[in-house]
Amino acid sequence: VNELQEKLKDSVDFDLPQIVVIGGQSSGKSSVLESIVGRDFLPRGSGIVTRRPLVLQLISDKDITNDFGEFSHSPGNQFCDFNEIRNEIRAETDRVVPEDCGISPIPINLKIHSPDVLDLTLVDLPGMTRVAVGNQPKDIEFQIEEMILKYIKKDNCLILAVTAANQDLATSDALKLANKVDPEGDRTIGVLTKLDLMDKGTDAKNILNGKHGIKLKRGFHGVVNRSQKDIEGNKDMKKALEDEHQYFVDHPSYGPSMAKRMGIEYVKTFLQKQLSEHIANRLPPLKAKTKEKLSRVNEALKTIEFPEDSMAKERLLIQTIDSFCTHFKNLMGSSVWKVDVNDLSCGAVINVLMNDTFPKQIDLLFYDEKRLGRKIATAIQNSFGTRLGVFIPDAAFTSCVDPLIELFRKPSIACIDWVTDEMIKTINKCLDDIKGFPDLKKCFAELTLDFVRESNDKCREIVEQLIEMEKCYPNTLHEDFIEMIGNGMTTPIAPAQVYGATPTVHQNTQNLKCDWISYQKNDLWFVLRDNTLYWFRDEKQNGKKGSLDLKGCQVVLNGWNLAIILPDNYRTSNEFVIAFNSQDATNRWYNWLTGAGVKPLSISAAPKAIDWESKCDESFESGSQLSANGLSQDMAFPDVMKPQVDEVKRYLHTYFVILKKTFKDRLPKLCQLKLINATSKFIRTELQISIRNEFSTIDELIGEDSDKDERIELLNKKKDCIDAIAIMDKYHKMRF
């Protein structure tokens with residue numbers, strides 16, 4: 001235990017087996033300790049002399065001829081004169097806690113080497129007092145009691161409770177405190193001093209024989225200390241021990257039968273035996289704690305490992321890149337054996353964004369049909385000029401299709417940005433694995449994130465090109481376009497559904513919740529079925545304009561208007577405002593929507609940014625001009641043109657459906673190729689090259705060892721733990 005105390009005292013906060021000596025100021029505690037050591041070495045005086053704990057390690061060494069002491073605060077300095085040891089204890093005590101400043105919990109560690117001592121570890125604590133004397137703090141009694149309890153409450157501590165035999169045991173401060181933490185008396189050893197000072201005709205025989213009401217399984221043991229006169233006369237310690245033994249032999253109550261288990265010599269042997277057995281019982285759990293501490297130290301060392309040479313630094317770079325690449329692939333959804341069951345991975349989130357959120361935004365795209373009709377009529381009229389035509393001019397279609405194509409720019413760019421944001425989150429998660437090398441982590445972050453941002457720019461350029469490609473060459477030979485136009489169909493081709501097909505809206509159903517409603521200043525035929533809202537060009541539900549899944553939506557009532565607040569996954573739109581021509585119609589639809597599960601929201605709690613006067617898309621509103629004769633372009637076109645306008649409108653609507661299908665298909669492919677796959681390839685094949693181009697040497701890349709001091713401290717703790725385990729293994733082999 002002395003070896004363990006030496007190894008673990010600074011690095012590991014463990015409760016080591018030891019004997020703590022407690023007692024009142026006049027109990028004879030100091031005399032007992034000096035008798036156990038066989039030397040006068042403790043300071044004496046009035047008041048509280050022991051103001052700091054004294055950890056006393058007795059080391060039996062048969063190979064030395066002269067006793068000596070060593071203090072941990074003065075390593076390598078051997079004190080052969082025990083008067084100097086006393087002076088050093090007093091000086092070290094005064095250095096930390098002057099006499100008028102109470103007590104201090106900082107211990108003084110003293111080793112005494114002698115051939116005449118038994119191996120013991122004792123802790124001497126301040127004597128208990130009830131009244132502050134002189135300049136002592138008013139709460140000195142409380143301070144001492146708290147310090148004693150801090151030591152003796154530990155399960156690995158044996159309590160040596162010293163009590164004067166000439167006082168009532170019921171008033172013993174030492175036994176009282178011991179009983180607080182050891183009510184069954186499992187760890188407490190009682191020592192009765194001053195047996196020679198008991199009243200004439202009285203003795204402690206019954207107490208020493210266990211015939212008392214105090215629970216003390218390790219019993220009471222009697223001693224006779226030197227008197228004050230003996231101490232002042234420097235009575236030899238060996239002579240005092242001989243006189244003590246003779247006292248017990250000659251005493252009529254203790255006599256020869258009890259004398260052999262009385263006195264300091266017996267107490268020393270008993271304490272060593274008790275401590276040895278206590279150690280044997282306590283070392284296995286202590287060993288387990290030490291192994292646990294060693295495991296934590298090893299884990300901490302792993303987080304601050306630092307390569308020692310260039311080869312090790314090269315290995316570190318390659319291993320970090322491999323780990324970074326593997327982690328990125330796993331988060332993107334590569335083949336892994338186990339996956340998280342609580343949260344979506346970054347790859348799964350990107351999948352939802354590309355194949356669910358983005359298609360929903362595309363489905364919400366909408367154009368002003370009345371205004372489009374006027375633009376078609378204007379295009380036809382401008383194509384003919386002063387002449388009259390027989391066939392519908394191609395310019396009417398090609399001129400009006402461009403604004404429809406332009407509608408796809410905003411959600412396509414948004415989709416790329418969503419995927420880019422998730423990619424950046426993924427890379428930051430991977431960067432969290434690089435610990436202890438800030439320069440290396442910074443380099444990884446800058447190069448990888450810069451590549452992702454560059455890839456984002458390239459994807460944006462491709463979207464711009466895709467928009468321009470569609471504008472420059474409307475493919476009227478597209479097989480879907482020919483099929484739909486040839487069959488006279490205006491209903492959209494059902495788009496490919498990732499999460500299930502859109503439910504069919506049945507016509508002519510009784511009790512169908514439907515009505516003409518104004519949306520973006522256009523009258524459309526709205527149908528509510530289950531928890532989905534559809535809108536069409538006419539009451540026959542031809543020309544489906546869009547649909548809205550009401551799950552997670554909220555509805556706000558404001559006069560004759562209703563605003564449907566969309567959930568967060570509709571990333572490019574926040575609300576959906578529809579207007580009615582009467583309060584009754586507004587209330588009716590409000591009840592229908594709330595009945596379909598849409599949560600009502602008060603106008604005061606609604607978002608402030610709701611545009612109650614929302615207009616149609618800007619691409620169909622800008623550029624209103626006056627004609628040559630001063631008439632507005634918004635004027636109604638001649639009735640004779642209506643068949644031609646309707647026909648072109650049918651072509652445009654059909655092509656708009658094909659465009660939706662095209663963009664839903666191409667954007668996920670673009671993001672996968674130019675963002676996800678490209679980044680993965682960059683990390684796997686180009687990152688190391690880019691890193692070496694950035695830094696001239698591997699030492700410059702790895703940087704300084706910022707955790708050197710912490711690593712040295714942890715390595716010392718590791719060594720101490722390993723040594724402590726070896727000491728405990730050695731004890732086990734010696735015992736068994």
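**Close-up views of charged residues in a predicted model**

**View 1. Lys 302 and its salt-bridge partner in helix H10.** With a relative accessible area of 52%, Lys 302 is exposed, a value that counts as such because the class begins over 50%. This view, like those that follow, is taken from a predicted model. The side chain of Lys 302 meets that of Glu 299 in a salt bridge, with an N to O distance of 3.6 Å, and Glu 299 is itself partly exposed at 44% relative accessibility. Because the two residues lie three places apart in helix H10, about one helical turn separates Lys 302 from Glu 299.

**View 2. A network of salt bridges.** Glu 406, Arg 409, Glu 464, Glu 468 and Lys 471 are joined into one network by salt bridges that share partners. Across the structure, the number of salt bridges is 34. Side chains of opposite charge can pair when their charged atoms come close.

**View 3. Arg 95 and Glu 92 in helix H3.** A salt bridge links Arg 95 to Glu 92, and the closest N and O atoms of the pair are 2.6 Å apart. Both residues belong to helix H3, which spans residues 82-96, and their spacing of three residues places them about one helical turn from each other. The two partners fall into opposite classes of accessibility: Arg 95 is exposed, at a relative accessible area of 59%, whereas Glu 92 is buried, at 6%.

**View 4. Lys 239 and Asp 243 in helix H8.** In helix H8, which runs over residues 237-250, Lys 239 and Asp 243 are four residues apart and therefore separated by about one helical turn. Their side chains meet in a salt bridge, for which the N to O distance is 2.8 Å. Lys 239 is partly exposed, with a relative accessible area of 40%, and Asp 243 is likewise counted as partly exposed, with a relative accessibility of 28%.

**View 5. The surroundings of Lys 268, a buried lysine.** Lys 268 is located in helix H10, a helix that comprises residues 264-303. The relative accessible area of Lys 268 is 7%, and the residue is therefore classed as buried, since that class takes in values under 20%. When residues up to four places away in sequence are left aside, Lys 268 touches Ser 35, Ile 36, Asp 116, Leu 118 and Leu 120.

Note on methods. Residues numbered from 1 in each chain as written. Predicted model: local features only at pLDDT ≥ 70, side-chain atom pairs only at ≥ 80, totals over all residues. Heavy atoms only, no water. Buried < 20%, exposed > 50% of the residue type's maximum accessible area, 1.4 Å probe, protein only. Contact = heavy atoms within 4.5 Å. Salt bridge = Lys/Arg side-chain N within 4 Å of Asp/Glu carboxyl O.
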